[in-house]
Amino acid sequence: MKRIAIIGFTVCALVACRPSSSTEPVVSGGEPSATGVATAIVARTEYPKPSAEELKKKLTPLEYEVTQNEATEPPFHNTYWNNHEPGIYVDVATGEPLFSSTDKFESGTGWPSFMRPIDGGHVVSKTDTTLGMARTEVRSKSGDSHLGHVFDDGPEPTGLRYCINSASLRFIPVARLEAEGYGAYRKRFEGGVTRPEVTDTNNACAAPASTSKGPVGCSTTLETAVLGGNARAADTLLHVVGVLQVDVGSLRGGGPAVRVVYDPKTLGFPRLLDAWATAVSPDGASKHELFAITAQQRTDADAWKAHASSAPRGLLVETGDESAFTKL
């Protein structure tokens, strides 16, 4: 992922916060210079949203689709769902501080889950009526990035579960807080403070219930495909419109493979297979094998194999899940 290290991000200390509208710089700490003299790190107090053009350059396609177009990434196969390192999470687009690892818990949903935001005012909410139901969407205040949703089935003391997309976040470990201008948050990690040990897997995201109005909880808006192919094929697929992320790895049997995250509204599965066939055709090392993750993918793959002129010879279509793929 593309990242920009920015010196000087923070909004407030633990006890007293400055108003977010303040433009007065705040000194949050310092590091020794080449002469051995400590130099102050000036913290930012505002987090303006970059232009759409700047965001497209700064963010990966998946990050852009999630933060700017309200997409929901696939569960379990995202960057931070299982991250246990102490630190804070900031808006990937602006650097605005959003959540702390001290409030992160294991919800069993496959998405990062938090009991509360890091500070009041940085995370705002609004009603989301997509998917035929009313949910509470959460966004960053300054950057207006879509983060995820909040539900009332979380642990005490808040009773809330902020179900957040990894793609909307950038993680800053404790060791980097001062260097990146978030030194005011270090106190949260002093005195042996640890994240809550919560393993509630019986909530709305983990086991969505069907109602007359549709499913309840979180549901990915994107789809995943597991296909035979190597790094060269991955590079080709990354340039296909609708493909948001490609991971390189291996299939269960040891052959090279790629896992593709794509937007089904933009790119149908048969069209993705056409692009995949073109990508692997010149590569004799790639195994012509694909795993159908959903029943619809299996139906589409069988029809494509039978009728598409681009379908590779000896193509194996198997029904499986993402466990068939191991990321390098």
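## Helix H2, boxed in

A residue counts as buried when its relative accessible area is under 20%. Keep that cut-off in mind for helix H2, which spans residues 61-69: seven of its nine residues are buried, so the helix is largely enclosed by the rest of the structure. This is a predicted model, so the picture here is of predicted coordinates.

Which residues of H2 are buried? They are Leu62, Glu63, Tyr64, Glu65, Val66, Thr67 and Gln68. As for what surrounds them, the buried residues pack against helix H1 (52-58) and four strands: S8 (135-140), S9 (146-151), S15 (243-251) and S16 (256-262). Right after the helix comes glutamate 70, with a positive phi near 60 degrees.

## The whole chain and how far to trust it

Stepping back, the protein has five helices and 19 strands. Of its 328 residues, 50% are buried. Among contacts with a separation of 6 or more, 66% are between residues 24 or more positions apart. The accessible surface comes to about 15,100 Å², and carbon and sulfur atoms hold 54% of that.

The average pLDDT is 80, and 74% of the residues score at least 70. Two stretches deserve some caution. Residues 1-41 stay under 50, although the model gives them 99 contacts beyond four places in sequence. Residues 206-216 are also below 50, with 17 contacts beyond near neighbours in sequence. Where pLDDT is low, the predicted coordinates should not be read in detail.

## Two nonpolar cores

In soluble globular proteins, nonpolar side chains tend to be buried together. Here, the largest nonpolar core has 26 residues, and the members that touch the most others are Leu227, Leu237, Val260, Leu272, Leu273, Trp276 and Leu290. Strand S14 (223-228), helix H3 (231-237), S15, S16, helix H4 (269-280) and helix H5 (295-307) each give two or more residues to this core. H4 supplies the largest share, with eight residues.

What does leucine 272 touch, leaving aside its neighbours within four places in sequence? Its contacts are Ala225, Leu237, Val243, Val260, Tyr262 and Leu267. There is also a second, separate core of 13 residues, including Val123, Val150, Tyr162 and Phe171.

## Salt bridges

The structure has 15 salt bridges in total. In one of them, arginine 116 meets aspartate 103 at 2.9 Å, N to O. Arginine 116 sits in the loop between strands S6 (113-114) and S7 (123-128), while aspartate 103 sits in the loop between S4 (97-100) and S5 (104-105), so the pair ties together parts that are 13 residues apart in sequence. The arginine is partly exposed at 34% relative accessible area, whereas aspartate 103 is buried at 5%.

Aspartate 144 and arginine 139 form another bridge, at 2.8 Å from N to O. Here the aspartate is the partly exposed partner, at 36%, and arginine 139 is buried at 8%. Through shared partners, salt bridges link Glu70, Lys126, Glu137, Arg139 and Asp144 into one network. Glu70, then, is both the residue that follows H2 and a member of this network. Elsewhere, aspartate 153 pairs with arginine 161, again with an N to O distance of 2.8 Å; arginine 161 is buried, with a relative accessible area of 0%.

## Serine 168, tucked into a loop

Serine 168 lies in the loop between strands S10 (161-164) and S11 (169-173). Is this serine buried or exposed? Serine 168 is buried, with 0% relative accessible area. Its side chain reaches the backbone oxygen of asparagine 165 at 2.7 Å.

Not counting residues up to four places away in sequence, serine 168 touches Val66, Thr67, Val90, Asp91, Val92, His146 and Leu147. Val66 and Thr67 take us back to H2, where both are on the buried list.

## Asparagine 82, partly out in the open

Asparagine 82 is in the loop between H2 and strand S3 (87-91). This residue is partly exposed, with a relative accessible area of 41%. The side chains of asparagine 82 and histidine 84 are joined by a polar contact of 3.3 Å.

Which residues does asparagine 82 touch beyond four places in sequence? They are Lys104 and Glu106. As for serine 113, 31 residues away along the chain, its C-alpha is 9.8 Å from that of asparagine 82.

Technical notes:
Residues are numbered from 1 along each chain as its sequence is written. Side-chain values use heavy atoms; hydrogens and water are left out. Buried means under 20% relative accessible area, exposed over 50%, partly exposed in between (1.4 Å probe, protein chains only). Contact means heavy atoms within 4.5 Å. A salt bridge is a side-chain nitrogen of Lys or Arg within 4 Å of a carboxyl oxygen of Asp or Glu. pLDDT is the predictor's confidence in each residue, from 0 to 100. A polar contact is a pair of N or O atoms within 3.5 Å; within protein, one must be able to donate a hydrogen and the other to accept it, and residues adjacent in sequence count only if both atoms are side-chain atoms. Accessible areas come from the Shrake-Rupley method with a 1.4 Å probe; for residues, only the protein chains shown count as cover. A nonpolar core is a set of buried Ala, Val, Leu, Ile, Met, Phe, Trp, Tyr and Cys residues joined through side-chain atoms within 4.5 Å.
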